[in-house]
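User: Please take a close look at the aromatic side chains in this model and at what surrounds them.

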Amino acid sequence: MVNGVLLEARGVSFAYPGGPKVIDNLSLSLSGRQSIGVVGANGAGKSTLLLLLAGALKPNSGEIVFAEAGRAPVNPATTPGRIGLAFQNPDDQLFLPSVSEDVAFGPRNQGLAATEVQERVTTALEETGIGHLARRPPFQLSGGEKRTAALASILSLQPAVLLLDEPTASLDPLARRRAMRLLASLEPLKIITSHDLDMIWDTCQQVVVLKQGRILTTGATQDIFTQPELLGEAGLEPPLRLQGCPRCGVAYSPPFAADLAGEGVAAVSV
Amino acid sequence: MPILQQCLTWLRDFDHLADSRSTPLNRRQPAAVFLVAIAFLVTLMSFSRYQVAALLPLAIYPALLWGFSPLSLARLASFLLLVEPIIICLGILHPWLDTRPVTVAGFVFAQGWLVFLSLLVRGTLATSSVLLLTTTLGLDGLWRGLRQLRVPAWLVLQMALTYRYILVLLEETERILTAYRLRSGRRTGVRLGDWGSLAGGLFLRTYDRAGRVHQAMLLRGFATHNPSPVPPGTWVAQDYLYVLLWFAFFALVRTHDLPSWLGQSLERIFPW
């Protein structure tokens, strides 16, 4: 593992029992801060890759090593909460009777003292702007609120790496915008999977394109997303804003997120 | 409204009703409220199965709880109507099985009716007090109360998860049945032959969901051996007073037949 690399996948392959390979001999090094997007068509292996990176699934072959675990294979039991995963469906994540209990669940499992747990809960709720929902039962919240509560339950663990599976899926435009602003404000290295390439354009400096469990290409978002043929090969289309007006054909050239993001750009290498 | 949807609405209401309420009861330590509820249930069940009138003073407890609960009387009654048929089914055979004659207020009838009535009163009081307690404290309060009473964390977590699983199960069932209904044309209900596939699909979906919930828990450091701390809570004088007064009242009701004493007193005052 090269210095500065936080998470590294080495020749990882994975198949669900009785199924075909979902991830096929994938190697990847992730470092830095800010965001890396993982894009690909349905079934490309994006969600499975996140589960593998988080240590929720064990690779059939190859290994995923985490710098904080002394470069040992990633294991949630040895470094609890240091790699946080926000599931695609927040209902999978929220199970306790109140939002604050759910946000406190992780820090408690880390063995922190009650006062520190409370501090973490308050900070995470404030950071995500849902302090007013602290006492509400999670399953009564709206889709956007649930997603934010699920994110708060991960942030309270103060992870070094944040894995976000489709963080803006099924959100209305306002909630989507709010979620993107929140993601941009978060400190740790973020790996974001999404079909929403406009969102990836806005939030990620680097992008990994997956096709049938293999890396098709990686690079700066600006470079990859301006190659329609390459995206087409992965079963994707360029972000809507780059496609131009369907009537007059004039393309809009928005500022690229990385230009606005400043220092500490994330890095990905294969 | 389909019955499943109604169940879901009711279950969600349980928490919603208790949400952000601040009543004198909500300000008590959950453990204190819980202790009193347990004492109430124990007292209720300790009466002889032939006693009916002696149980009536215990109705004060759910009546006072209702005063602090956001549940309307109509809603409470609708909840009870769901439970009463079960209680009736359990006790309805008693009048035919226990036919020994008994005289009450000049009327002679089978002793089994007393058992049936006693069961009905007890069931109603117990159900209403549990419902009122849940809507007043909320499930969060109940779990905290259990932990403060030193119920093992794993057991409380199992209860919370079971409750969550029931909701997941109902939600998934509702989705499956709605999708089925929308493609059933004019036919109502589910065809007998389809039940197997629906139940199988439901099992797989809920199993899958449970697996993902478990994964999410593990990723947040969950391990069964992890000690979950007892929620902090300092008892103040009002908490002790709340428990002591109710304990004293339950002891009084249990050791003295208050309705009988009241009747005799009234007879002495108004001998005509």
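How many aromatic pairs are there over all chains?

Analyst: The model is predicted. Over all chains, the count comes to 12 aromatic pairs. One of them joins Phe14(A) and Tyr16(A), with 4.9 Å centre to centre and 90° between the planes, an edge-to-face arrangement. Phe14(A) has 6% relative accessibility and is therefore buried, since the cut-off for buried is under 20%. Tyr16(A), at 34%, counts as partly exposed.

A pair in chain B is formed by Phe40(B) and Phe250(B): the centres are 5.9 Å apart and the planes make an angle of 50°, so the pair is classed as tilted. Phe40(B) belongs to helix H2 (residues 30-46) and Phe250(B) to helix H9 (residues 237-255) of chain B, so the pair ties together parts 210 residues apart in sequence. Both Phe40(B) and Phe250(B) are buried. They belong to one aromatic cluster together with Tyr61(B), Trp246(B) and Phe249(B). Elsewhere in chain B, a ring is paired with a charge: the charged end of Arg254(B) sits over the ring of Phe47(B), 4.7 Å from its centre.

Phe250(B) and Tyr61(B) also appear in the largest nonpolar core, which has 56 residues; along with Leu58(B), Leu133(B) and Tyr242(B), they touch the most other members. Among the helices of chain B that each supply at least two residues of this core are H2, helix H6 (111-148) and H9. H6(B) gives the most, with 12 residues. Leaving aside neighbours within four places in sequence, Tyr242(B) is in contact with Leu25(B), Arg28(B), Ala32(B), Val33(B), Val36(B) and Tyr61(B). Another core, of 40 residues, lies apart from the largest one and includes Ala134(A), Leu155(A), Cys204(A) and Val207(A).

How values were computed. Residues numbered from 1 in each chain as written. Chains lettered and ligands numbered in written order. Predicted model: local features only at pLDDT ≥ 70, side-chain atom pairs only at ≥ 80, totals over all residues. Heavy atoms only, no water. Phe/Tyr/Trp six-rings, centres within 6.5 Å; stacked < 30°, edge-to-face > 60°. Buried < 20%, exposed > 50% of the residue type's maximum accessible area, 1.4 Å probe, protein only. Helix = DSSP H or I, 4+ residues; strand = E, 2+ residues; numbered from the N terminus. Lys NZ or Arg CZ within 6 Å of the ring centre and 35° of its normal. Core = buried A, V, L, I, M, F, W, Y, C linked by side-chain atoms within 4.5 Å. Contact = heavy atoms within 4.5 Å.
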